Amino acid sequence: MNEASARAFPNIALVKYWGKQDTSLILPVAGSLSLTLDTYATTTTVRLDPDAAADSFSLNGVPGAATPTQRVTRFLDLVRELAGSTARARVDSLSEIPTDAGLASSAAGFAALAVAAGAAYGLELDARALSRLARRGSGSAARSIISGLAVWHAGDDAQSFAEPVGGPEFKMIILTLDRSAKRVSSRDAMVRTAQTSPFYDGWISSTAQTLDAALAACHADDFTALGLLTELHALRMHALIQSADPPIRYLKPASIAAFDRVEELRAAGLECYATADAGPNVVVIARPSDADQVAAELVTLGETTVVGAGPGATLLPRGAAG
Ligand code: DP6
């Protein structure tokens, strides 16, 4: 097969990934835990083109800019090395993520690319190998290979992959508060944090502890414990990022107001917990039976979208990518 299509979904971390011990292999300083979503798929088709002098990349029908195209080519170089091929490829990607939703597109993007490129170049990769490969495109993509709750292990290249974990069922309410582009990418901000934060060592050791506690909460099917750890860890990550020099502040007044509102809702007996990635938008988790009510309570703050647990990255039947 010299053409293949795959679909993958974004994921939101409950225990965050922030910091690399190896920037080339993309090995994280600590493990993380996330939920792969059922909404906002990326569908990617890879077609080998042995006559082409260079790879080409398009996103939603528009030729990719230099930097993303370079990132795709560097990723395909890894796949070519594994496959013993020199053939260039055409990569066409369709993302359902609204560009202003504040959701990172790299996790679903590189998970779909790993599956599609692996198949197009004739590799036979199991979930572990695909997760390790996707990790090389963007760390968080390792988790989008896996459905639902996924733990991504820290370790060396062979050990650092994501795998499924059982746990409580819950929904996520994506609360879009601010549509402006972020000023510092998470990739650059991670480097600055590692180089300048006096709290970095504490972050690494405490994240490992938080992950152990979160996995214990998953095994005990304990939504309350998992929710409390999720909110704690998000605030710790933002505290760490703010302690970089020069400081980086992703949260805006509207984000803080959302964390306040979530605390109020909890005090009033509606159980929910907040988290935020490298941007101002907030994601709230709630039990499935409470999710619509939580979303209704947050709607005055911003636009809400309720999403659930979704599938891992999958190869599509030929011709199904549209
Ligand atoms: C805040 O996976 O986008 O969303 O590995 O440099 O591509 P790179 O970073 P990326 O970082 C995601 C950071 C985060 C937390 C998380 O998803 O765990």
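These legends walk you through five close-up views of a predicted model.

**View 1. A sheet of four strands, open at both ends of its order.** Go through the strands one by one and you get β2, β5, β10 and β11, paired in the antiparallel sense. The edge places go to β2 (11-15) and β11 (162-164); each has a single partner strand, so one side of each is left without a neighbour in the sheet. From one strand to the next, the twist averages 35°. Now look at β10, which covers residues 149-152: three bridges link β10 and β11 in antiparallel fashion. Want one pair to find for yourself? Pick Val151, whose bridge partner in β11 is Glu163. Lying across β2, β5 (32-36) and β10 is helix α6, made of residues 200-219, and α6 runs at about 45° to β5.

**View 2. Thr207, a residue in helix α6.** Is Thr207 buried or exposed? Thr207 has a relative accessibility of 1%, so it counts as buried, the cut-off being under 20%. Who are its contacts? Leaving out residues up to four places away in sequence, Thr207 touches Val15, Lys16, Ala30, Gly31 and His233. One of these, Val15, is also the residue that ends strand β2 (11-15) back in the first view.

**View 3. A second open sheet, this one with six strands.** The order here is β8-β7-β9-β6-β1-β16, and the pairing is mixed. At the edges you'll find β8 (62-63) and β16 (314-316); each has just a single partner strand, so one side of each has no neighbour in the sheet. Zoom in on β7 (residues 56-59) and β8, which pair in the antiparallel sense over two bridges. Here Leu59 has Val62 of β8 as its bridge partner. Two helices join the picture. Helix α1, spanning residues 66-83, lies across β7 and β9 (88-95) and runs at about 125° to β9. Helix α2 (residues 106-120) packs on the sheet too, touching β1 (3-8), β6, β9 and β16, and its direction makes about 155° with that of β1.

**View 4. Thr43, sitting in strand β6.** Strand β6 takes in residues 42-49, and β6 belongs to the six-strand sheet of the previous view. With a relative accessible area of 6%, Thr43 falls under the 20% cut-off, so Thr43 is buried. Which side chain makes a polar contact with that of Thr43? Look for Arg7: the two side chains are joined by a polar contact of 3.3 Å. If you skip neighbours within four places in sequence, Thr43 is in contact with several residues, among them Ala6, Asp92, Ser93 and Leu94. Leu316 and Ala321 are on that list of contacts as well.

**View 5. The ligand and the residues around it.** How many residues surround the ligand? There are 18, and the closest are Tyr17, Lys20, Ser138, Gly139 and Ser140. Start with Tyr17: an N or O atom in its side chain is 2.6 Å from an oxygen atom of the ligand. Lys20 has a polar side-chain atom 2.7 Å from a ligand oxygen, and for Ser138 the distance from a polar side-chain atom to an oxygen atom of the ligand is 2.6 Å. On its own, the ligand has 460 Å² of accessible area, and the protein covers 96% of that. Helix α5 (residues 186-196) gives the largest share of the shell around the ligand, with three residues.

How values were computed: Residues are numbered from 1 along each chain as its sequence is written. This is a predicted model: local features need pLDDT of at least 70, side-chain atom pairs count only at pLDDT 80 or more; totals for chains, interfaces and linings use all residues. Side-chain values use heavy atoms; hydrogens and water are left out. Two strands pair if DSSP finds at least two bridges between them. Axes are lines fitted to C-alpha atoms, for helices over the stretch in contact, and angles run from 0 to 180 degrees between N-to-C directions. Contact means heavy atoms within 4.5 Å. Buried means under 20% relative accessible area, exposed over 50%, partly exposed in between (1.4 Å probe, protein chains only). A polar contact is a pair of N or O atoms within 3.5 Å; within protein, one must be able to donate a hydrogen and the other to accept it, and residues adjacent in sequence count only if both atoms are side-chain atoms. A residue is near a molecule or strand if one of its heavy atoms lies within 4 Å of it. Accessible areas come from the Shrake-Rupley method with a 1.4 Å probe; for residues, only the protein chains shown count as cover.
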